[in-house]
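Let's take a walk through this protein together, one neighbourhood at a time. Have the sequence and the 3D view open side by side, and follow along as we go.

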Amino acid sequence: MTPAEHGDAPPATAGAAGCLSRQASTPLLDAIQERGDSLQEAPFHVPGHKRGAGTPARFASLIKGGVEGGGGGGSTTVFSPLQYDLTEIAGLDYLSSPSGVIAEAQQLAAEVFGADSTWFLVNGCSAGIHAAVMAVAGPGGGAQRNHQQKAQPAALDASAGALIGSSRVQMYGAQSLPAPVPAAAAAASETAGGAAAPAPATAPAGSSAPGVLLVARNCHLSVFSALVLSGLEPVWLAPELDPRAGVAHCVTAGTVAAALAGATAAGRRVAGVMIVSPTYFGAVADVQGIARACAQYDVPLLVDEAHGGHFAFLPPPTASDFASAPPPPPPPSALSCGADLVMQSTHKVLGAMTQAAMLHLRGGRVSSARISRALQTLQSSSPSYLLMASLDAARHQAAAGGAFVEPCVAAQVIREAVSRCRLVQLLDAKTAQGAAGTGGTGTHAGSGSGSATGSAGSPSSSTSCGAPKCSSNAAVSIAHFDPLRLTLLVDRIAAVPDATAGTNGSNSTATTITTMRSCSASSGFAVAEWLEARHGVVPELATAKTVVLALGPGTTLVHARQAAAALLELDRLAAAAPEESPGSGAQAPPPLPDMVLSPRDAYFAATESVPAAEAVGRASAELLCPYPPGVPVLFPGERITPAALALLQATLAAGGTVTGATDSSLARFEVLVTE
């Protein structure tokens with residue numbers, strides 16, 4: 001029998017040799033090594049250890065390799081981090097069903113974070129979000145809570161306040177809910193009293209209506225995946241939009257209370273409420289007020305606190321030399337505010353490795369057994385012990401204290417520099433804005449003609465977590481700001497210095513310095529590019545109007561001074577160009593479209609590509625999110641409306657971006673085949 005009959009490969013040819021030559025390359029490894037070796041850069045991006053500068057000492061001892069001299073002038077490796085890349089052998093426990101050292105490490109984490117139970121995650125915070133939503137879904141989702149959900153009294157004092165939201169609070173997958181909900185429903189959630197008599201809030205016997213999850217519309221993509229996995233249907237909650245910065249802030253307790261009242265009136269079982277706090281831009285919601293609203297209905301509150309795992313460990317503010325830019329107080333953690341389930345990206349803001357995260361449970365509204373079962377389904381059966389070790393080490397580092405002292409001082413250095421700028425500002429309690437009718441107290445959820453915005457509502461003079469009374473255009477959904485998340489407002493910069501001339505650290509000529517490049521409508525991207533190219537300051541994120549700096553345990557005063565000098569230089573040079581008037585930042589969102597198919601059904605449906613004009617009226621197969629403001633206009637399964645199409649196209653025309661589109665030009669759309 002010939003080699004060919006055996007299926008063996010033919011003899012090597014010139015083409016095969018070329019293929020072998022290509023296989024000798026390592027493009028990803030090379031790119032990672034090149035970037036990691038750029039020691040002159042100041043990393044203001046995640047992970048929190050900042051390229052190893054803040055690696056927990058105990059973990060650093062594991063991953064530091066070493067060599068010793070060998071015979072013949074060579075060297076012999078005697079110590080490699082891969083010797084700790086182990087598996088589930090004796091003494092190392094099992095992540096899927098821990099009873100030994102992993103269980104002990106998780107319990108230590110629960111104690112220091114203020115949880116009853118903690119789970120280590122090796123697939124990021126996304127896995128925690130998936131598991132949390134799956135745990136509350138289905139008839140057994142509230143196995144450890146009452147089989148009834150509390151409802152507000154049928155009769156409410158109309159004098160308590162104005163009507164909440166638009167003419168109807170509407171929900172996907174159900175008929176329009178009756179009558180607007182009086183503001184007393186929201187007010188009751190913001191006081192210690194007002195507990196209502198229990199009343200059934202589940203669907204009528206024999207009903208096949210699935211449960212619903214109340215979700216902030218600016219949720220992470222993983223929440224949509226969780227809806228697919230769980231089969232729950234969404235009720236969207238409108239976050240407050242900032243018309244200047246072009247970003248979304250938080251949802252309010254009033255918004256949540258109104259949505260809970262509406263869902264209860266419709267007889268739908270509310271599996272849980274999912275909010276984002278803090279946002280990517282450092283805005284922290286009134287989690288305590290929202291938790292009280294949820295408690296009135298015995299509904300679990302799930303908080304995506306991916307960027308807030310450090311809140312429990314921040315030092316109190318002290319007297320500072322930078323009196324012109326006082327730091328914001330440390331925000332309370334979501335667990336301390338009454339959240340039931342909290343998901344944290346430990347790698348983003350503590351010292352763990354990328355992809356390492358934690359899920360925390362407090363209280364008895366959610367079954368811990370269901371969480372464990374969900375994670376057994378979702379997580380790898382061969383978890384990385386290095387990732388888990390980094391979680392244990394990050395917990396140890398944070399609990400020991402002191403890990404955030406220098407980063408907080410570093411943040412103050414940058415704040416002080418920004419306070420001296422003419423054009424650059426920080427997003428904070430003074431500059432954050434809200435748009436009338438967004439976020440305040442209206443629920444942004446619908447299956448038809450529901451309005452995209454609610455009424456301004458009647459927020460209290462201060463939130464339960466201490467947000468000050470605001471002026472008419474100030475943001476009302478923000479209770480705190482993250483002291484280590486600095487969002488730079490650069491919308492007044494009309495031109496930036498040329499970033500292409502010279503190299504990092506080079507002495508630029510006067511001609512190079514004064515060469516300016518127009519960046520109207522996209523100043524954030526241009527500023528981020530210039531900071532990195534000219535000063536080695538690498539931001540976490542840029543939008544059309546903002547640049548985000550993320551600080552963590554690895555952030556040093558050297559990094560901060562590098563960033564401060566760069567910002568002062570940028571501001572000085574940009575001030576010589578005509579100043580840009582702060583723009584509107586983002587258009588108001590269109591009315592929410594019909595949901596043609598549930599997230600789960602849409603995920604598994606057939607799709608096709610059609611021209612934009614033919615897409616109107618069809619169900620979207622894509623999750624399309626315009627930046628600004630970072631709030632999805634279309635989720636898979638939602639009907640594409642003329643208003644939605646116009647907003648997406650206008651975003652591109654104005655220099656913004658639309659994520660999730662197969663065709664980035666938006667000339668064609670992926671739609672569902674529903675017939």
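A good place to begin is an open sheet of 4 strands, arranged in the order S16-S18-S23-S22 with antiparallel pairing. Strand S16 (425-426) and strand S22 (541-542) stand at its edges; each has a single partner strand, so one side of each is left without a neighbour in the sheet. Please keep in mind throughout that you are looking at a predicted model.

Move inward to strand S18 (residues 485-489) and strand S23 (residues 546-550), which pair in the antiparallel sense over 5 bridges. Within this pairing, leucine 486 has leucine 549 in S23 as its bridge partner.

Those two leucines lead us to another residue. Which residues is isoleucine 414 in contact with, leaving aside its neighbours within four places in sequence? They are Phe44, Leu486, Leu549, Ala560, Ala563 and Leu567. Isoleucine 414 itself belongs to helix H14 (residues 405-419), and because its relative accessibility is 0%, isoleucine 414 counts as buried. Its C-alpha is separated by 6.0 Å from that of alanine 560, although the two residues are 146 residues apart along the chain.

Phe44 also turns up around threonine 555, a residue in the loop between S23 and helix H17 (557-574). Not counting residues up to four places away in sequence, threonine 555 touches Phe44, Lys50, Glu406, Pro407, Ala410 and Ala550. With a relative accessibility of 1%, threonine 555 counts as buried.

Next, find strand S14 (residues 341-344). In a regular strand the side chains alternate between the two faces of the sheet. Here, Leu341 and Met343 point one way while Val342 and Gln344 point the other way, and all are buried. S14 runs parallel to strand S13 (residues 301-304), joined to it by 3 bridges, and leucine 302 has leucine 341 in S14 as its bridge partner. S14 is also joined to S15 by 4 bridges, and this pair runs antiparallel. There, methionine 343 is partnered with leucine 359 in S15.

S15 brings us to helix H13 (residues 385-400). This helix of 16 residues reaches 22 Å from its first C-alpha to its last, close to the 22 Å expected at 1.5 Å a residue. What do the buried residues of H13 pack against? Their partners are helix H4 (57-63), helix H5 (101-113), strand S4 (117-121), helix H11 (346-349) and strand S15 (357-361). The buried residues of H13 include Leu386, Leu387, Met388 and Leu391, as well as Arg395 and Gln397. Both ends of the helix deserve a look. Serine 384 caps the N-terminal end, with a side-chain oxygen 3.3 Å from the backbone nitrogen of leucine 386. Just after H13, glycine 401 takes a positive phi of about 85°.

Now for some backbone details in the loops. Most residues other than glycine have a negative phi, and most peptide bonds are trans. Aspartate 93, in the loop between strand S3 (75-79) and H5, has a positive phi near 70°. Glutamine 355, in the loop between H11 and S15, also has a positive value, near 95°. Are these two residues buried or exposed, or something in between? Aspartate 93 is buried, with a relative accessible area of 9%, whereas glutamine 355 is partly exposed at 39%. A further loop, between strand S11 (270-276) and strand S12 (283-284), holds proline 278. The peptide bond from serine 277 to proline 278 is cis, with omega near 5°.

Let's finish with the aromatic rings. The model has 5 aromatic pairs. One of them joins tyrosine 603 and phenylalanine 604 in an edge-to-face arrangement, with 5.0 Å from centre to centre and 85° between the planes. Tyrosine 603 and phenylalanine 604 are both exposed. Elsewhere, Phe224, Trp236 and Phe635 make up one aromatic cluster. Tryptophan 236 has a charged companion too: the charged end of arginine 217 sits over its ring, 4.8 Å from the centre.

How values were computed
Residues numbered from 1 in each chain as written. Predicted model: local features only at pLDDT ≥ 70, side-chain atom pairs only at ≥ 80, totals over all residues. Heavy atoms only, no water. Phe/Tyr/Trp six-rings, centres within 6.5 Å; stacked < 30°, edge-to-face > 60°. Buried < 20%, exposed > 50% of the residue type's maximum accessible area, 1.4 Å probe, protein only. Lys NZ or Arg CZ within 6 Å of the ring centre and 35° of its normal. Helix = DSSP H or I, 4+ residues; strand = E, 2+ residues; numbered from the N terminus. Expected span 1.5 Å × (residues − 1). Contact = heavy atoms within 4.5 Å. Polar contact = N/O pair within 3.5 Å; in protein donor to acceptor, adjacent residues only side chain to side chain. Pairing = 2+ DSSP bridges.
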